Each structure stands twice: as structure tokens, then as C-alpha cells.
Amino acid sequence: MRMGRRMKKKEKTVPIFFTVDNGYIPFLATTLQSLTDNSSKDYYYIIRILYSDINEKNKKLIKKYESDNEEIEF
């Protein structure tokens, strides 16, 4: 029975990948806001950001889009 719960949660996980640099941060922020506004609470979104040349200020800005059902990893 326990295995069924894990499988159910795994089926509802949505991985999302982005590749960006500092110049793309405003567009990424807009995209993440749209995802937050339109995402289903029935799913858990794992957002992975592959990057080059992103400063700490911009990483903090993007991490603010995390929520109960959205996780952001750099």
C-alpha cells in the first residue's frame, strides 16, 4: 500500500528545465510567474536551471518563485 502512494506522487511530479544566463533572467522571471499563476496544486514542479554567469542577486530573485508545490534548483 505504501508503494502505491510513492508511485502516485511520482506520477504527479513535473520536471522542468531552463538554460539561462544573466541576460535571460527577466524572461525567466516572467515565465516562472506564469507557471505560478497557472500551475495545478495537484502537481509538484521541480524546476532545474542550468546556467552560466548568473550572479547571486539574480539567483535570489529567481528563488523567490519557490512555493509549496514548486522547487527551484540551480
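This report describes the strands, salt bridges and selected side-chain contacts of one predicted model.

**Strands and crossovers**

Strand E1, residues 13-20, runs parallel to strand E2, and 8 bridges join the two. Within this pairing, Phe18 has Ile49 of E2 as its bridge partner. Between E1 and E2 the chain passes through helix H2, and the resulting β-α-β crossover is right-handed. Strand E2 also pairs with strand E3, again in the parallel sense, over 4 bridges. In this second pairing, Arg48 stands opposite Glu73 in E3. The path from E2 to E3 leads through helix H3, and this β-α-β crossover is right-handed.

**Salt bridges**

The model contains 3 salt bridges. In general terms, side chains of opposite charge can pair when their charged atoms come close. The table gives the distance between nitrogen and oxygen for each pair.

| Pair | N to O distance |
|---|---|
| Arg48 and Glu73 | 2.7 Å |
| Lys63 and Glu66 | 3.3 Å |
| Glu56 and Lys59 | 3.5 Å |

The pair of Arg48 and Glu73 links distant parts of the chain, with Arg48 in strand E2 (residues 44-51) and Glu73 in strand E3 (residues 70-73), 25 residues apart. Arg48 is partly exposed, at a relative accessible area of 30%. Its partner Glu73 is likewise partly exposed, at 27%. The salt bridge therefore joins two residues that also face one another in the strand pairing, Arg48 standing opposite Glu73.

The pair of Glu56 and Lys59 has another setting: both residues belong to helix H3 (residues 56-63) and lie 3 residues apart, about one turn of the helix. In the remaining pair, Lys63 is partly exposed at 33% relative accessibility, and Glu66 is partly exposed at 32%.

**The surroundings of Lys59**

Lys59, located in helix H3, has a relative accessibility of 16% and therefore counts as buried, since the limit for that class is under 20%. Besides its salt bridge with Glu56, the side chain of Lys59 makes a polar contact of 2.9 Å with the side chain of Tyr51. When neighbours within four places in sequence are set aside, the contacts of Lys59 are Tyr51, Ile54 and Phe74.

**Thr36 and Ser39**

Thr36 lies in helix H2, which covers residues 25-38. Thr36 is partly exposed, with a relative accessible area of 29%. Residues up to four places away in sequence not being counted, Thr36 touches Tyr65 and Glu70. The C-alpha atoms of Thr36 and Tyr65 are 7.4 Å apart in space, although the two residues are 29 residues apart in sequence.

Ser39 is placed in the loop between H2 and E2. With a relative accessibility of 14%, Ser39 counts as buried. A polar contact of 3.1 Å connects its side chain with that of Glu70. Leaving aside neighbours within four places in sequence, Ser39 is in contact with Tyr45, Asn69 and Glu70. Glu70 thus appears among the contacts of Thr36 and among those of Ser39.

Definitions and conventions
Residues are numbered from 1 along each chain as its sequence is written. This is a predicted model: local features need pLDDT of at least 70, side-chain atom pairs count only at pLDDT 80 or more; totals for chains, interfaces and linings use all residues. Side-chain values use heavy atoms; hydrogens and water are left out. A salt bridge is a side-chain nitrogen of Lys or Arg within 4 Å of a carboxyl oxygen of Asp or Glu. Buried means under 20% relative accessible area, exposed over 50%, partly exposed in between (1.4 Å probe, protein chains only). A polar contact is a pair of N or O atoms within 3.5 Å; within protein, one must be able to donate a hydrogen and the other to accept it, and residues adjacent in sequence count only if both atoms are side-chain atoms. Contact means heavy atoms within 4.5 Å. Two strands pair if DSSP finds at least two bridges between them. A crossover is right-handed if, with the strands pointing away from the viewer, the path from the first strand over the helix to the second runs clockwise.
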